[in-house]
Amino acid sequence: MPDRGVVLMISVGYLVVCLALGLWPGKKASASSQGYVVGDRSLGLVLMYFITGATVFSAFAFLGLPGWAYTRGAAAFYVLGYGTLGFVPFYFLGPRAARVGRKLGFVTQAEMMAHRFERPALAGVMALVSLVAFIPYLALQMKGAGLVLEIMTAGAVPTWLGALVVYGVVLAYVLKSGVLGVGWTNTFQGLFMMLLAWGLGLYLPHLLYGGVGPMFERLEALRPELLLAPGLTGAGTPWSWGEYGSAVLISIVGFSVWPHLFMKAFTAKDVRTLKRTVVLYPTFQIFLVPLMLIGFCGVLFESAPASPDQILPHILMHSAIPSAVVGLFCAGALAASMSSGDAMAHAAASIVVRDGWVTALGRALSPLAERRAIRFAVILVMALSYGVAVGYQGSLVVLLLSAYGAVVQFAPGVVCALYVPRASARGVLTGLVAGSLCTLLFVMQPDLRPWSIHAGTYGLVVNLLCIMLLSGAPASTAARRFVSRAAGGEG
Amino acid sequence: MASLPSLPHHRPGMRHAALFVFCLVCLIAVAAPEYAGLGNRVRPMWLGLPFSLIWNVLWVGLSFFGLGLYHLTDRQEG
């Protein structure tokens, strides 16, 4: 059993460093919403790299992914599979969005869409879908952080208290420093996570089985089905290639249009930085490999955790590992949770105010009032998510999956906004709603699917059909000028 | 890019087509059944890892180099 005093000391020390790093840049940004939401469009390559990388690696990386490898084996490889091309669409969409963003003052994806299609309601619908996605996601991050602290301190810090303290720190630096606070802490947290993941991923197989090679040789002899794609389902039956391949495809299509990631197109200081961030992104993906190794470690481990997600903390609690290593893991899991949670809370609040209040409802605010409103919304979003994290007893994962499916449906509209002047508002809005509903239907009722492929695939087909069928009229001058501006022309 | 004289940066159409084909190959390699009949094997193990995992890591690496090359020959603001 690790010494809980040491574990707590390291965790608290880590939180203090994050708080200091997060509060420091608050002095540098301008007092407007442009300063708070997009850092005055000034972010360089290092901050952009870590902000996108660390945002994507959430509590899922330290808890969910090892859990997948532990129960579903090679099914977990799909995360690497979509990492190959996941950010490539952004290489083309990002610079176009950045150009119109700079010219027309956008800070969120939905307000760009509402402007292009001259339909404020579109911003409202996108804001709503984004919020439905962000709140359970944020709640899961909070729950993850709280759970890790509870397990690693053997119950001394209950989940509700752990989540409260960790997200109290996040709230403080998001409120004070906005996107720059998120950027600086994510840089530190990203580096810390990378080091820790590789350290633990190589150390644990060595400690338990004499190395990575001997571990996989034993797995090959005892559980060979775990080493071949597409791996297993959560229930332990073989997963299908249709599900695996379409999950990779849908994740690639949807990845770039996640609102909190897409918004980062508006934060980069120039197009060159944005493109370089995309090129470098796969290097961040490699850090998932050691976390999968930890999951595979668990397969041969002498005892099983209460749930697959707890395999990593379970191994640490039941092996002869120095308390300091356990403490560092705890800090790493908090880093993963916080580095996604902060970006989510910041993006969700910006979306509520900019897309919901200002764009969809047409209530103009002064820059200072807007910044105040966004800060207030940060508190609201985090309080709501905390309430869901500690109070909601239903399945957050189902809620999250439904919302994920809907967010993927943003993709055709965003591509049309930036590339296709003929695409109509009616087509994009109908496509978004019909595609989301179709996805929701098949997420809830998977048996109704004609073929066993990812529910989002059907939604995308419906979405694209709606756009094509309802975009017959010639493009308006405004639409042509918008697309031309996005492409770099003066329009 | 003076250091890369042989790359087709003067012919954007060709660069786009090359990237498209490259992405398609990547997609087939990581998402098609049995990883297109090539990568879904346990052996040979490299660095102690099963080949199926190495296969995915390899394509993550290749996509980095592929897009990197495209970016190096990108003359538009980049």
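Contact here means heavy atoms within 4.5 Å. The model on screen is a predicted one.

**Chain B alone**

Start by selecting chain B and hiding the rest. Of its contacts with a separation of 6 or more, 48% join residues 24 or more positions apart. Colour chain B by secondary structure: 2 helices appear, and 0 strands. Next, colour by burial; of the 78 residues in chain B, 44% are buried. Switching on the surface of chain B shows an accessible area of about 4200 Å². Carbon and sulfur atoms hold 74% of that surface.

**The side facing chain A**

Bring chain A back and select the residues of the two chains that touch. The selection should hold 35 residues of chain B and 38 residues of chain A. The size of an interface is often given as the accessible area lost when the parts come together. For chain B and chain A, about 3100 Å² is buried between them, with 71% of it on carbon and sulfur atoms.

**Polar links across the interface**

Now look for salt bridges between chain B and chain A; the rule finds 2. One of these to zoom in on joins Asp74(B) to Lys275(A), where the closest N and O atoms lie 2.8 Å apart. Widen the search to polar contacts, and 9 residue pairs turn up across the interface of chain B and chain A, both partners at pLDDT 80 or more.

**Which elements of chain B take part**

Select 12-31 for helix H1 and 51-72 for helix H2 of chain B: these are the elements that give two or more residues to the side touching chain A. H2(B) supplies the largest share, 12 residues. Finally, colour this side of chain B by residue class: 21 residues are nonpolar, 9 polar and 5 charged.

Definitions and conventions: Residues numbered from 1 in each chain as written. Chains lettered and ligands numbered in written order. Predicted model: local features only at pLDDT ≥ 70, side-chain atom pairs only at ≥ 80, totals over all residues. Heavy atoms only, no water. Helix = DSSP H or I, 4+ residues; strand = E, 2+ residues; numbered from the N terminus. Buried < 20%, exposed > 50% of the residue type's maximum accessible area, 1.4 Å probe, protein only. Areas by Shrake-Rupley, 256 points an atom, 1.4 Å probe, with all protein chains shown as cover. Buried area = accessible area lost by both parts, 1.4 Å probe. Salt bridge = Lys/Arg side-chain N within 4 Å of Asp/Glu carboxyl O. Polar contact = N/O pair within 3.5 Å; in protein donor to acceptor, adjacent residues only side chain to side chain. Nonpolar A, V, L, I, M, F, W, Y, C, P; charged D, E, K, R; others polar.
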